Amino acid sequence: MRVKCISCDSSELTFHRKVENIEIYECRKCELAYTKKEKITKDSQNRQNELYSLKSYLPRSKTQKDKFEKLAYILNTKLKCGKILEVGSGFGLFSSILTNNPNYEVEALEPELPQHFLNKRSNVVIHKLDYRSFLKMCVKKYDCIIFVDVLEHFDNPHEILSRTKEIMNTNALIVIQLPNYKSLMARLCTNWSWWMVQDHKVHFSKKSIIQLLKQCGFSIIHTQTYESLYDFKKNLDGNFRFITNSVIRKVIKFSFYLIFLPLYLLFRKIGWFFGFGGLIFVIAKKNKEIRISCLH
Ligand SMILES: [Zn+2]
């Protein structure tokens, strides 16, 4: 277990909660939380592996596509052209959407999963290796580097962001999406599915990712938190699983949603504005490096 916060170096990490019997600790100052990794069971690892199968991803790909298209639209307004690298491209869905912009040269890095959505796109360079190895051998510079649902998988995102800067052109953009452990979803849903303690080593809030990016030499140019109604409802459904009688469960669920859903739909944008959305989406620009030279 890490003993110090990667952002502020504080060793005062306090117990936050248990998820699937795995403890999560948090630095209250930075709002960064850390998964204690020692107790991962085979059972929960198997459940996690299932999530990464193409078979279980395909039924979800339609809602993912809708989300990604909106994110790509925002990116298009910030970046007109250039070389883009998507780190941890999964099955290649987001990269495939980015190729719709003819001014983007897209590369995808994914060590494990097949690039299902990029199969017919021969113009995308695919790197099949882990990111740390890639960083060691990379001699190129990019105009945009993307981490969609990826940065929380690294032990030390601070180090990853600092090293990523080295393969970025001046004024290049970094695009990050992360689950928000301070979201309304995470607070209300007893089994919030994005804790994913087998894989997520660090957990972020809007405040903590902004702070970390600034520390690593980036200026924030866009932030938002959001979630889809589908994701929120699917997570909330889990709260009713403990009711074993199916009729009673349906009646209670129906009554709850009858009150909750109109209120949620009415006020969710206000909640998102204040950083309570389930996902955080950030675009930041690499700061200009100030070279200190000796004047004689
Ligand atoms: Zn801290």
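A pocket, as the word is used here, is an open set of grid points with protein on both sides within 12 Å along at least five of seven lines, and its lining residues are those with an atom within 4 Å of a point. Keep in mind as you look around that this is a predicted model.

With that in hand, go to the second largest pocket, which has a volume of about 360 Å³. Its lining counts 18 residues, and Lys70, Gln224, Tyr226, Glu227 and Trp272 are the ones that lie nearest its centre. If you want to find the walls by secondary structure, look for α3 (61–78), β10 (218–226), α9 (229–237) and α10 (246–273), each of which supplies at least two lining residues. Helix α3 gives the most, with 6 residues. As for chemistry, the lining of this pocket is a mix: 6 nonpolar, 5 polar and 7 charged residues.

Now for some space that is closed off. Rolling a probe the size of a water molecule over the atoms shows where empty space is left. In this structure there is 1 cavity of 30 Å³ or more, and the largest cavity holds about 40 Å³. Around the largest cavity you'll find Glu152, Pro179, Tyr181, Trp192, Trp194, His200, Val202, His203 and Phe204. By class, that makes 6 nonpolar, 2 polar and 1 charged residues.

Stay with helix α3 for a moment, since the pocket has already brought us there. Ser61 sits in this helix and counts as buried, because its relative accessibility is 12%, with the cut-off for buried at under 20%. Ser61 and Thr35 are 26 residues apart along the chain, and their C-alpha atoms are separated by 28 Å. Compare that with another pair: Lys165 and Lys285 are 120 residues apart in sequence, and their C-alpha atoms are 10.0 Å apart in space. Lys165 belongs to helix α6 (residues 157–165) and, at 18% relative accessibility, counts as buried.

Helix α3 also carries a salt bridge. Lys65 pairs with Glu69, and their closest N and O atoms are 3.2 Å apart. The two residues are 4 apart in α3, so about one helical turn separates them. Both ends of the bridge can be seen from outside to some extent: Lys65 is partly exposed at 37% relative accessible area, and Glu69 is partly exposed at 35%.

Across the whole model the count comes to 11 salt bridges. Besides the α3 pair, Glu26 is worth a visit. Which side chain meets that of Glu26 in a salt bridge of 3.3 Å, N to O? The partner is Lys182. Glu26 lies in strand β2 and Lys182 in the loop between β8 (168–179) and α7, so this pair ties together parts that are 156 residues apart in sequence. Both Glu26 and Lys182 are buried, and for Glu26 the relative accessibility is 5%. Glu26 forms a salt bridge with Arg28 too, where the closest N and O atoms are 3.8 Å apart. Is Arg28 buried or exposed? At 59% relative accessibility, Arg28 counts as exposed.

Strand β2 is also a good landmark for two backbone oddities. Most residues other than glycine have a negative phi. Asn21, however, has a positive phi of about 70° although it is not a glycine. You'll find Asn21 in the loop between β1 (14–19) and β2 (22–27), where it is exposed, with a relative accessible area of 54%. Beyond the other end of β2, Glu31 also has a positive phi, near 60°. Glu31 is in the loop between β2 and β3 (32–35) and counts as partly exposed, at 21% relative accessibility.

Finish on the outside of the model. A nonpolar surface patch of about 1,300 Å² is made by Leu184, Leu188, Phe254, Leu258, Ile259, Leu263, Leu266, Phe267, Ile270, Phe273, Phe274 and Phe276. Both α7 (184–188) and α10 supply at least two of the patch residues, and α10 gives the most, with 8. Leu258, one of the patch residues, lies in helix α10 and is exposed, with a relative accessible area of 55%. That brings us back to a helix you met at the start, since α10 also supplies at least two residues to the lining of the second largest pocket.

Technical notes. Residues numbered from 1 in each chain as written. Predicted model: local features only at pLDDT ≥ 70, side-chain atom pairs only at ≥ 80, totals over all residues. Heavy atoms only, no water. Buried < 20%, exposed > 50% of the residue type's maximum accessible area, 1.4 Å probe, protein only. 1 Å grid on protein atoms, 1.4 Å probe; cavity = no way out; pocket = protein on both sides within 12 Å on 5 of 7 lines; lining within 4 Å. Points joined across faces, edges and corners; volume = space filled by probe spheres on them. Nonpolar A, V, L, I, M, F, W, Y, C, P; charged D, E, K, R; others polar. Patch = residues over 30% accessible without salt bridge, like charges linked within 9 Å, V, L, I, M, F, W, Y side chains within 5 Å. Areas by Shrake-Rupley, 256 points an atom, 1.4 Å probe, with all protein chains shown as cover. Salt bridge = Lys/Arg side-chain N within 4 Å of Asp/Glu carboxyl O.
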